[in-house]
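Hi,

Here is the structure I said I would pass on. Have a look at it first, and my notes follow underneath.

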Number of protein chains: 2
Amino acid sequence: MSHEPLLIGLDAGGTSTRAVLTDRGGRCAGYGVGGRGNPVSAGPERAASGVLDAISAALEGTGRALSDVSTVVAAMAGMRAAGDSDWLMSRLASAGFGGRLVFESDLLATYFSGASSSFGYALVSGTGACVIRVKDGRIDRTGDGLGWLLGDRGSGFWIGHAIARAAVQDLDGNGARTALTDRVLAHFAITRTGEEDSGRPRVLEQLVSELYSHPPIELAALAPYAFEGADAVARGILTDAGRHLADTLSAVLHGPGPLVVGGSVLARPGPVRDAFLHRLGDDAAGLDLRPVGDGAVGAAFLAVRAAGADPGESVRERLARTVAPLRARAGAQRREP
Amino acid sequence: MSHEPLLIGLDAGGTSTRAVLTDRGGRCAGYGVGGRGNPVSAGPERAASGVLDAISAALEGTGRALSDVSTVVAAMAGMRAAGDSDWLMSRLASAGFGGRLVFESDLLATYFSGASSSFGYALVSGTGACVIRVKDGRIDRTGDGLGWLLGDRGSGFWIGHAIARAAVQDLDGNGARTALTDRVLAHFAITRTGEEDSGRPRVLEQLVSELYSHPPIELAALAPYAFEGADAVARGILTDAGRHLADTLSAVLHGPGPLVVGGSVLARPGPVRDAFLHRLGDDAAGLDLRPVGDGAVGAAFLAVRAAGADPGESVRERLARTVAPLRARAGAQRREP
């Protein structure tokens, strides 16, 4: 294998970047993690550094260099139109890369992390929420992913936003009492007092001021409280989230297939998953739910494909199997000081 | 009347300020309009200039000066806790004012623009939405007014936001077809094409980018399209808005009384008003709906009260009657070049 050109798949996200070094057969030779890799949210310089750090970490100890790599596939959000790839290509070239750089959708990488068939679905619900239908191995339809203000229904932001509104409506006397209110107040270190102002609790004004002092997207940080809380309001929010995700999927659904699930909202069993499956009804029977942690394996799968091979389930399975121990080691190293 | 001290009521809003010059009997002697008068949104310097301009315009041609004024009541949002009044008092003093400055809630001024009884309600739905219950002539309870991110349900922002979401969901194939979509596209001068990107219309990406490039609150500008449009989606949005406003009122409702209505959303007959009254059910019978254009009369009413009088309906009625011709004249002057 030492003279075969290597390939790199990059799963470049808004908070961290994963690089997988592989051969054309899906034998993973290295794995590394870097910082923020999305040029839209992190800016091109910082994103390029995040990507390069991940690549260096993946090459470390392998005895191979970036000059041995023939193909890099960078899977990230918002790069579908590709256009300008210079922000990354120039940095890769400086580091010795002389091969081909290809951009792919992060959602397609999520899909191929859990499935290898040319038809299927990927549904991601993390901070945002988006679905794709894959046909002939390409994105055939996209649904939602419209951001916090206009869509992302059933996402972590959506859940956190619903929690915040439930808390202020509870305090405003125009909504059900809920244990979420105390959790939200504690989150912002606000203490309840009996004081009133213009006929409503002063603590409400404090909470409202606090909530407006942060970027709205940070409401996603409240989402875990709905999973912890067991009252009717929390359950109602999670049930609605599951229904929204089912509706988002239904709008692109066109026959049975694997459904690769990314993000934490739908990954765990519980009220969201239950409501999701219930809402799908008979359609759920045709879907094979496969939660994945991220798009690293799928990015490597796309790199094998970009290098001219026609990878199938054996390659995907080998990638998943051979990346696992390297990933565990990288995780252990990162936890050490 | 020439030696009796005069009073000024200010209805200071986010876009303009109205000043009413009156005697203790509610005989209006002058009326003037100035620029933005809220220090929170416009900044203290600009707000003070807006207020001073309105006062100058009200005094103009009356033969009286600010030194003849004993009491100024400034009704504005967010000044309930009052605290620092220096931003305005110093400017008033420089202009010759030696009397007393009192801050009141803009919602209380709205209430007394349409009612004089010591018990009743005021509901404002303009860009935002808020309700108060008045008892003993003071604010006894407040509902909503929690801003665009957390509340203001049934407001102009709420309607505009619902319109924007309906349009993007229509284009995303995950919502009903609606004529609102073409109105929203036309609003942003976006032309429909047949082009697709990752399995959805490119026009959707254009619209989403456009919507995120403005402050969210500007979505309120889309609200009129729901009133113009006659399809089921538009009617549904307006019906939901009416129900939300009814629920906001219901949370503070405590017996019959006048309901003074400010802002344009509930002012006109139509789907919002119909849904509002239907949702209130039997409670609607005990409410006397009184739309008002703004809080100018109520601010003057509060100035009479602050000056030590105990104004009743005859004073409110006289204020409304005597301010009307001055207001018409000021309006005509402002329309002339």
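Let me start with how the chains meet: 35 residues of chain B are in contact with 35 residues of chain A. Please keep in mind that this is a predicted model.

In chain B, the biggest losses of area to chain A are those of B:Leu149, B:Leu150 and B:Tyr212, which together make up 23% of what that side buries. Taking both chains, about 3200 Å² is buried between them, with 51% of it on carbon and sulfur atoms.

Which surface does each copy use? Of the interface residues of chain B, 100% are also interface residues in chain A, so the copies meet through the same surface. The superposition goes with that picture: chain B lands on chain A after a rotation of 180° with 0.1 Å of shift along the axis, at an RMSD of 0.1 Å. That is how a two-fold axis relates two copies. If you want to find the axis on screen, go to B:Leu149, whose C-alpha is the nearest to it in chain B, at 4.6 Å.

Now for the polar side of the interface. Between chain B and chain A the count of salt bridges is 0. Polar contacts are another matter, with 18 residue pairs found across the interface, both partners at pLDDT 80 or more. As for where the touching side of chain B comes from, β8 (138-144), α5 (156-171), α7 (202-212) and α9 (232-250) each supply at least two residues. The largest share is that of β8(B), with 6 residues. Sorted by class, this side of chain B has 14 nonpolar, 11 polar and 10 charged residues.

One residue to click on is B:His161, in helix α5 of chain B. Apart from neighbours within four places in sequence, B:His161 is in contact with A:Leu149 and B:Leu219. Is B:His161 buried or exposed? With a relative accessible area of 14%, it falls under the 20% cut-off and therefore counts as buried.

On to salt bridges in the whole structure, where the search gives 36 over all chains. As a reminder, side chains of opposite charge can pair when their charged atoms come close. A few from chain A that I looked at:

- A:Asp172 and A:Arg200 form a salt bridge, with 2.7 Å between the closest N and O atoms. This pair links distant parts of the chain, 28 residues apart: A:Asp172 is in the loop between α5 (156-171) and α6 (180-187), and A:Arg200 is in strand β10 (residues 200-201). A:Asp172 is buried at 3% relative accessibility, and A:Arg200 is buried at 5%.
- A:Glu104 and A:Arg305 form another, the closest N and O atoms being 3.9 Å apart. A:Glu104 is in strand β5 (residues 100-105) and A:Arg305 in helix α11 (residues 296-306), so the pair ties together parts 201 residues apart in sequence. Both A:Glu104 and A:Arg305 are buried.
- A:Asp68 and A:Arg64 meet through their side chains at 3.2 Å, N to O. A:Asp68 is partly exposed, with a relative accessible area of 28%, whereas A:Arg64 is buried at 18%.

That's what I have so far.

Cheers

Methods:
Residues numbered from 1 in each chain as written. Chains lettered and ligands numbered in written order. Predicted model: local features only at pLDDT ≥ 70, side-chain atom pairs only at ≥ 80, totals over all residues. Heavy atoms only, no water. Least-squares fit on C-alpha atoms with pLDDT ≥ 70 in both. Contact = heavy atoms within 4.5 Å. Buried area = accessible area lost by both parts, 1.4 Å probe. Salt bridge = Lys/Arg side-chain N within 4 Å of Asp/Glu carboxyl O. Polar contact = N/O pair within 3.5 Å; in protein donor to acceptor, adjacent residues only side chain to side chain. Helix = DSSP H or I, 4+ residues; strand = E, 2+ residues; numbered from the N terminus. Nonpolar A, V, L, I, M, F, W, Y, C, P; charged D, E, K, R; others polar. Buried < 20%, exposed > 50% of the residue type's maximum accessible area, 1.4 Å probe, protein only.
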